[in-house]
Protein chains: 2
Amino acid sequence: MRTAEVLLERRSLAEISVDDLAQGAGLSRSAFYFYFPSKAAVVLTLVDRMVEQASGARDTALQQLDSDPAAACRGGIESFYATFGAHRPVVRAVSELSATNDEARALWSQVMQGWVEQVTELIEAERARGTAPSALAASDLATALVQLNERVLQAIFVDESPAVSESAAIDTLTHVWVNAIYGAPVEG
Amino acid sequence: MRTAEVLLERRSLAEISVDDLAQGAGLSRSAFYFYFPSKAAVVLTLVDRMVEQASGARDTALQQLDSDPAAACRGGIESFYATFGAHRPVVRAVSELSATNDEARALWSQVMQGWVEQVTELIEAERARGTAPSALAASDLATALVQLNERVLQAIFVDESPAVSESAAIDTLTHVWVNAIYGAPVEG
DNA sequence: ACACCCTATCAACACGGTGTCGAGAATGTT
DNA sequence: AACATTCTCGACACCGTGTTGATAGGGTGT
């Protein structure tokens, strides 16, 4: 698995064969299959690890919004950024794998679902306090905002173009979040 | 190519072999290679077609913002939705292909770049008119908003979960756009 | 010291998909 | 009729995956 992470820094998942993985770990290709059923399983394990290690950070980051809501949003976004930024190769791999692998898709959507639920709660709490207007379904708005983060950061992490400049990313996302949550409804 | 579009309605690109494509068109596999250098080329051609057919719609949709800016945003979003919604299998295929194919990635990012430029102009025009505050770089904001659309609609088109409900998508996106563009800067 | 099992490793194989080649039909041109 | 162009095919080489059956080593109990 260390080998997998190292190789993923340089090449995409598709460019890495089971042979590469095995050789990197000093094994024959078939010995690899003793430890993992497939290349995909390695990535899934890597993702599992990352998720476990990071799911705590999310909950704490978003919960302390009593004081300053804008700061809480920023905290959540920073936590999102930190979590996935620290494991860029893994994020890249899982997004690549999701194109062809149901399990990867399911795992990733579970991760995103966690974020969406957390953010939905945040929005509903603010609406209950009367600080945020109720216009759209909170879950729809939360989904959109989480997906915004996902896509914007993804683009940055894999050096796509166009992409938001990395230094402005947090500010840009926070701006969009805060205005989307607290801004006035747009007449349909 | 018609065959490709039909097959892509049912299965993902990875599940379609050159053989399937050829047979669907009543050809042998090697005859296929007379017409296209690879499976990827078929998808690229499909995308080219879609882009060409749709790039006009975008420009006109966003340009008429003199009257009602919110309506112009909505128009742009609707045009985005219509363009890609009408060719879901192709969108799905190109996103899948982009995971492994440089040319597909380049083509897609060119398409997105077109949108970003258009939206950047819109934002800058509004700021020049004094109706929108200048906080973030217009191009960063535009990039984020275009990627928001991309990701939210993608999730809807491929039936991901979580996803914004399709009926609320346009409203949700419009809300985020308008508030992000016209909303007050968030103190960093 | 022996038998035993469990862990670990490997070479060899079968399979499926890709892309190439050269040989030839089919069709049109002079 | 000779020729060229367009198109089609079967056969091949290649690569990556995943499986299998044979085998080596290192504990453990007797």
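The following paragraphs describe the overall build of chain A and the way chains A and B meet two DNA strands in a predicted model.

Chain A is a helical affair: its secondary structure amounts to nine helices and zero strands. Read from the N terminus, the order of elements is accordingly α-α-α-α-α-α-α-α-α. Measured out along the principal axes, a box of roughly 65 × 30 × 30 Å holds the C-alpha atoms of chain A. The chain has 188 residues, and 53% of them are buried. Among the contacts in chain A with a separation of 6 or more, 64% join residues that are 24 or more positions apart. The area that chain A exposes is about 8,400 Å², and 49% of this area is supplied by carbon and sulfur atoms. As for charge, chain A carries 14 positive and 25 negative charges, and the mean positions of the two sets are 7 Å apart.

One residue of chain A can serve as a local example. Glu117(A) sits in helix 7, which covers residues 102-129 of chain A. Its relative accessible area is 46%, so Glu117(A) counts as partly exposed, a class that lies between the buried limit of 20% and the exposed limit of 50%. Along the chain, Glu117(A) and Val146(A) are 29 residues apart, and a distance of 10.0 Å separates their C-alpha atoms.

Attention now turns to the DNA, beginning with strand D. This strand is surrounded by 13 residues, and the closest come from both protein chains: Val18(A) and Arg29(A) on one side of the list, and Ser28(B), Ser30(B) and Tyr35(B) on the other. Of the atoms of DNA strand D that come within 4 Å of the protein, 43% belong to sugar and phosphate. Two side chains approach base oxygens of this strand. For Arg29(A), a polar side-chain atom is placed 2.3 Å from a base oxygen of DNA strand D; for Ser30(B), the corresponding distance to a base oxygen is 2.9 Å. The backbone of the strand is approached as well, with an N or O atom in the side chain of Tyr35(B) lying 2.6 Å from a phosphate oxygen of DNA strand D. Two elements give two or more residues to the surface near this strand, namely helix 3 (29-35) of chain A and helix 3 (29-35) of chain B. Of these, helix 3 of chain B gives the most, with four residues.

DNA strand C is likewise surrounded by 13 residues, of which Ser28(A), Ser30(A), Tyr35(A), Arg29(B) and Tyr33(B) come nearest. Sugar or phosphate accounts for 42% of the atoms of DNA strand C within 4 Å of the protein, and bases account for the rest. Here a base oxygen of DNA strand C lies 2.4 Å from an N or O atom in the side chain of Arg29(B). Phosphate oxygens of the strand are met from both chains: a polar side-chain atom of Ser28(A) is 3.0 Å from one, while an N or O atom in the side chain of Tyr33(B) is 3.1 Å from a phosphate oxygen. Helix 3 of chain A and helix 3 of chain B each supply at least two residues of the surface near DNA strand C. For this strand, the largest share comes from helix 3 of chain A, which contributes four residues.

Key: Residues are numbered from 1 along each chain as its sequence is written. Chains are lettered from A and ligands numbered from 1 in the order in which they are written. This is a predicted model: local features need pLDDT of at least 70, side-chain atom pairs count only at pLDDT 80 or more; totals for chains, interfaces and linings use all residues. Side-chain values use heavy atoms; hydrogens and water are left out. Buried means under 20% relative accessible area, exposed over 50%, partly exposed in between (1.4 Å probe, protein chains only). Contact means heavy atoms within 4.5 Å. Accessible areas come from the Shrake-Rupley method with a 1.4 Å probe; for residues, only the protein chains shown count as cover. Lys and Arg count as positive and Asp and Glu as negative; His and the chain ends are not counted. The place of a charge is taken as NZ of Lys, CZ of Arg, CG of Asp or CD of Glu. A residue is near a molecule or strand if one of its heavy atoms lies within 4 Å of it. A polar contact is a pair of N or O atoms within 3.5 Å; within protein, one must be able to donate a hydrogen and the other to accept it, and residues adjacent in sequence count only if both atoms are side-chain atoms.
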